[in-house]
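Work through the exercises below with the sequence and the structure at hand. Each task is followed by a stepwise solution.

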Amino acid sequence: MTDRDVFEYALLRVVPRVERGECFNAGVVVYCRARSFVAARTHLDEAKLAALDPAADVTGVRAALRAVEGVCLGGDAAGQAAGDDAGRRFRWLIAPRSTVVQPGPVHTGLTGDPGAEVERLLDLLVR
């Protein structure tokens, strides 16, 4: 049996018109403290975006989702968070905000492969 570690994850939601509160899932952020792992994968369904807001800024939403992935990667792609450890980057990403791309609540689980967990959750909850 493989060793399994606790991981945390949050969905990334697109809320095209914040005042209406309508949203759909467009990504997932996974953090595993035991493995110093943090990663995000995104998938923007443009048809859903257009259904909720035909005038939505698709380019801007894509850029916001890419920025989350960049913060997870660390290094130059993380901007000001470049020097932060994986846990600090995850906590910053899951902080509540009133923007078009928002994190959902944090959930936990056990995994032997956090990288595979990111893909599994993206397929299960986003695509």
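**Exercise 1.** In this predicted model, find the exposed residues on one side of helix α3, then describe the opposite side and its packing.

Solution.
1. Arg88 and Trp92 are exposed.
2. On the other side, the buried residues of α3, which spans residues 86–94, are Ala86, Gly87, Arg89, Phe90, Leu93 and Ile94.
3. Viewed down the axis of α3, these buried residues fall within an arc of 160°, so they line one face of the helix.
4. The buried residues pack against strands β1 (5–14), β2 (24–32), β3 (37–42) and β4 (101–111), and against helix α2 (58–73).

**Exercise 2.** Which residue caps the N-terminal end of α3, and through which atoms?

Solution.
1. The capping residue is Asp85.
2. One of its side-chain oxygens lies 3.1 Å from the backbone nitrogen of Gly87.
3. Gly87 is also among the buried residues of α3.

**Exercise 3.** How many disulfides does the structure hold? Account for Cys23 and Cys72.

Solution.
1. The count is 0 disulfides.
2. A disulfide requires two cysteine sulfur atoms within 2.5 Å.
3. For Cys23, the closest cysteine sulfur is that of Cys72, 20 Å away, which is too far for a bond.
4. Cys72 is in no disulfide either: its nearest cysteine sulfur belongs to Cys32, at 13 Å.

**Exercise 4.** Are Cys23 and Cys72 buried, partly exposed or exposed?

Solution.
1. Buried means under 20% relative accessible area, and exposed means over 50%.
2. Cys23 has a relative accessible area of 39%, so Cys23 is partly exposed.
3. Cys72 has 4% relative accessibility and therefore counts as buried.

Technical notes
Residues numbered from 1 in each chain as written. Predicted model: local features only at pLDDT ≥ 70, side-chain atom pairs only at ≥ 80, totals over all residues. Heavy atoms only, no water. Buried < 20%, exposed > 50% of the residue type's maximum accessible area, 1.4 Å probe, protein only. Helix = DSSP H or I, 4+ residues; strand = E, 2+ residues; numbered from the N terminus. Arc of directions from axis to C-beta. Contact = heavy atoms within 4.5 Å. Polar contact = N/O pair within 3.5 Å; in protein donor to acceptor, adjacent residues only side chain to side chain.
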